[in-house]
Amino acid sequence: MFNKVLIANRGEIALRILRACKELGIETVAVHSTADADAMHVRLADESVCIGPPAARASYLNIHEILAACEITGADAIHPGYGFLSENAKFAEILEAHDITFIGPSAEHIRIMGDKIEAKKTAKRLGIPVVPGSEGAVTDAAEAKKVAAEIGYPVLIKAASGGGGRGMKVANSDADVAEALHTARSEAGAAFGDDAVYIEKYLSTPRHIEIQVMGDGKGGGIHLWERDCSLQRRHQKVWEEAVSPALNEAQRKKIGNICAKAIQGMGYSGAGTVEFLYEDGEFYFIEMNTRLQVEHPVTEMITRIDLVNEQLHVASGSGMSVKQKDVQLSGHAIECRINAEHPSTFVPSPGTIQYYHPPGGLGVRVDSGVYQGYSIPPHYDSLIGKLIVHGRTRVECLMRLRRALDEFVVDGIETTLPLFRDLVSNQDMQDGNYDIHWLENYLADK
Ligand code: ADP
């Protein structure tokens with residue numbers, strides 16, 4: 001096992017990783033920007049290094065400074081968390097060249113999955129069902145119309161290097177195609193420096209269901225069931241649950257096994273998520289994330305497996321501590337992403353937390369880096385914590401969630417807590433009856 005791990009991240013995920021390291025007796029190094037000098041991950045780490053000014057580009061994305069921090073502290077591995085450098089193949093390569101372990105998959109696997117066209121080809125080859133669409137990149141309108149004629153309208157034009165839902169355009173007929181293609185390409189070029197786009201069948205009322213996987217890098221691999229992340233706003237997940245209210249046991253096992261086999265076939269190492277849209281009983285691959293996800297705790301709650309602990313084991317070469325048969329399902333879990341934002345306008349609300357009281361009790365977990373008196377800096381994303389609740393059944397989980405939301409107090413800033421208090425009492429949410437458009441329709445009608 002490692003002696004010392006540097007955590008190249010901030011906020012709740014830096015704390016999450018730090019906790020797993022501490023339990024394994026691994027020393028921790030926090031890195032931080034000048035804006036985060038008072039952050040909890042800095043306070044709890046064994047050592048900390050300031051790596052630059054507030055802008056992420058100059059600090060959390062500054063490979064040179066992070067490497068220097070590693071050198072100074074003698075850390076033997078880096079955990080990138082999510083976001084920032086977590087899916088940067090170049091960073092993984094640079095660490096390898098410096099004999100520092102990147103806690104994540106190989107640079108090659110990051111690169112393949114970072115290019116959605118390559119990712120889709122790879123998924124298809126490995127037996128994963130994909131959304132019908134173009135075989136590769138599409139550059140002109142005539143070609144786009146030909147693909148659309150085969151798969152039928154509406155179609156979605158998507159950026160190969162896309163992320164966060166950017167560079168996506170729907171075309172409803174031949175008349176729309178040229179303009180949608182042009183707009184998607186220029187948006188993609190501006191956002192990602194790569195204007196390659198491809199075409200997919202647009203699914204009108206799908207759910208977003210993703211499978212957690214873990215590979216040992218030697219051909220061994222397991223799945224840890226699914227998460228339903230259909231509740232989204234602007235393609236950003238808001239509420240996640242495990243298991244999905246839409247699947248039965250046979251469907252769950254079938255798609256889980258397909259994903260486990262695929263990562264065995266790849267020789268994948270570490271944690272990953274295979275994301276699907278699910279409509280009319282069919283799964284359609286959209287992408288694979290080669291990192292730990294924000295919503296990983298719901299999987300931990302229903303399997304009682306510590307995913308960060310497993311990542312550390314795999315990266316250090318000691319392999320996974322669990323086999324597929326050990327991954328038993330127990331109960332139901334829901335996560336609410338608490339953002340420092342106005343609950344109906346979603347305008348960010350940085351500032352000082354005057355009073356903070358997180359909920360507790362059986363089945364309640366709060367993953368957060370904030371505390372009373374903490375000032376949320378305006379430079380980063382607005383996630384301030386995650387409330388994760390477990391129950392023996394979905395009904396018990398919802399009852400507990402309502403109680404925990406009532407207890408949760410964050411004063412001094414606006415948060416999205418009131419939105420969740422509304423959602424937990426909504427009939428569709430109680431019935432598990434929602435797709436990826438449900439939340440936006442609900443907010444528009446409010
Ligand atoms: P990104 O990496 O930008 O997040 P994804 O491919 O993961 O892109 O898609 C993000 C979201 O966009 C999905 O969760 C879904 O809401 C929507 N989406 C993607 N592909 C399709 C599709 N073929 N049909 C309908 N909606 C889609």
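A polar contact is a pair of N or O atoms within 3.5 Å. Keep that cut-off at hand as you explore this predicted model.

**Exercise 1.** Find out which side chains make polar contacts with the ligand, using the distances for Glu200, His208 and His235.

*Solution.*
- Step 1: Start at Glu200, where an N or O atom of the side chain is 2.9 Å from a nitrogen atom of the ligand.
- Step 2: Move on to His235, which has a polar side-chain atom 3.1 Å from a ligand oxygen atom.
- Step 3: Look at His208, whose polar side-chain atom lies 3.3 Å from an oxygen atom of the ligand.
- Step 4: Compare with the cut-off: a polar contact needs N or O atoms within 3.5 Å, so these distances of 2.9 Å, 3.1 Å and 3.3 Å qualify.

How much of the ligand does the protein bury? Taken alone, the ligand exposes 550 Å², and 95% of that is buried by the protein.

**Exercise 2.** Describe the shell around the ligand.

*Solution.*
- Step 1: Among the 20 residues around the ligand, Lys116, Gly165, Glu200, Lys201 and Glu287 come nearest.
- Step 2: Sorted by class, the shell holds seven nonpolar, seven polar and six charged residues.
- Step 3: Domain 2 (132–201) and domain 3 (207–445) each supply at least three residues.

**Exercise 3.** Which residues touch the most other members of the largest nonpolar core?

*Solution.*
- Step 1: This core has 37 residues, and the ones to pick out are Trp239, Leu387, Leu401 and Leu423.
- Step 2: Elements giving two or more residues to this core include strand S11 (236–242) and helix H12 (394–407).
- Step 3: Finish with a second, separate core of 31 residues, Ile7 and Cys21 among them.

Conventions. Residues numbered from 1 in each chain as written. Predicted model: local features only at pLDDT ≥ 70, side-chain atom pairs only at ≥ 80, totals over all residues. Heavy atoms only, no water. Near = heavy atom within 4 Å. Polar contact = N/O pair within 3.5 Å; in protein donor to acceptor, adjacent residues only side chain to side chain. Areas by Shrake-Rupley, 256 points an atom, 1.4 Å probe, with all protein chains shown as cover. Nonpolar A, V, L, I, M, F, W, Y, C, P; charged D, E, K, R; others polar. Domains from an automatic or database assignment. Core = buried A, V, L, I, M, F, W, Y, C linked by side-chain atoms within 4.5 Å. Buried < 20%, exposed > 50% of the residue type's maximum accessible area, 1.4 Å probe, protein only. Helix = DSSP H or I, 4+ residues; strand = E, 2+ residues; numbered from the N terminus.
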